[in-house]
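Work through the exercises below with the sequence and the coordinates at hand. Each task is followed by a worked solution.

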Amino acid sequence: MLKLINMNIYAGLADVVVIIHFLYALTIIVGLILIYIGKYIKWHFVKNATFRIIHLVMIMIVAFESVFHIECPLTYIEYKLLSLAKMHYQNTPFIAGFINKILFWNLPNEFFDILYIALAIFILLSFFIVPIDFKK
């Protein structure tokens, strides 16, 4: 009985990690879109230095991990928790399984290297196209 409770706790924690992982990826993508749209709509927050630097660092971490074949810590934690819950990532509950399908595509590693580097370049270019306002 106690073992079953522990397995459920590990599965629940794995779900939380998947959601955090998804939100991290979503922040990178939506942040980039908002920066470029915000330039034309004149949203001031897209020129915020803290937001922009954190956004850049987020994609640089992902690109670095991908290029140097370093497993994402969130992926590692999720798989470890699923292992402790005696589950496989392909057999996760509905929401976590759906998010995993969004996050993990069955494509060659080189595809992701190119994707993450391209995103990093677009984010770096945004510093020139939509300059940071250091006055505030």
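**Exercise 1. Place K42 and describe its backbone and its exposure.**

Solution. K42 is found in the loop between helix 1 (2-41) and helix 2. Helices here are DSSP runs of H or I with at least four residues, strands are runs of E with at least two, and both are numbered from the N terminus. Next, take the backbone: K42 is not a glycine, yet its phi is positive, about 65°. Last, its relative accessible area is 62%, so K42 is exposed. The classes are buried under 20% relative accessible area, exposed over 50%, and partly exposed in between, with a 1.4 Å probe and protein chains only.

The model is predicted, so local features need pLDDT of at least 70 and side-chain atom pairs count only at pLDDT 80 or more, while totals for chains, interfaces and linings use all residues. Residues are numbered from 1 along each chain as its sequence is written, and side-chain values use heavy atoms, with hydrogens and water left out.

**Exercise 2. Do the same for H69.**

Solution. H69 lies in the loop between helix 2 and helix 3 (73-84). Its phi is positive, near 55°, in a residue other than glycine. With 57% relative accessibility, H69 counts as exposed.

**Exercise 3. State the helix and strand content of the protein chain and the order of its elements.**

Solution. The count gives 5 helices and 0 strands. Read from the N terminus, the order is α-α-α-α-α.

**Exercise 4. What share of the 136 residues in the protein chain is buried, and what share of the contacts with a separation of 6 or more joins residues 24 or more positions apart?**

Solution. Buried residues make up 30% of the 136 residues. For the contacts (heavy atoms within 4.5 Å), the share that joins residues 24 or more positions apart is 76% of those with a separation of 6 or more.

**Exercise 5. Describe how helix 2 (residues 49-67) and helix 5 (residues 109-129) pack.**

Solution. Start with the geometry: the two axes come within 9 Å and cross at roughly 160°. Helix 2 is therefore roughly antiparallel to helix 5, a term for angles over 145 degrees, against under 35 for roughly parallel, 65 to 115 for roughly perpendicular and oblique for the rest. Axes are lines fitted to C-alpha atoms, for helices over the stretch in contact, and angles run from 0 to 180 degrees between N-to-C directions.

Then list the residues that meet: helix 2 contributes residues including I53, L56, I59 and M60, and helix 5 residues including F112, Y116, L119 and I123. By class, the contact has 15 nonpolar, 4 polar and 2 charged residues. Ala, Val, Leu, Ile, Met, Phe, Trp, Tyr, Cys and Pro count as nonpolar, Asp, Glu, Lys and Arg as charged, and the others, Gly among them, as polar.

**Exercise 6. Is L119 buried or exposed, and which residues does L119 touch?**

Solution. L119 belongs to helix 5. Its relative accessibility is 18%, so L119 counts as buried. Leaving out residues up to four places away in sequence, L119 touches L32 and I59. L119 and M60 are 59 residues apart in sequence, with 9.1 Å between their C-alpha atoms.

**Exercise 7. Characterise the surroundings of V130.**

Solution. V130 is in the segment after helix 5. At 1% relative accessibility, V130 counts as buried. Beyond residues up to four places away in sequence, V130 touches I35, K39, V46, K47 and R52. One of these, K39, is 91 residues from V130 along the chain, and their C-alpha atoms are separated by 6.1 Å.
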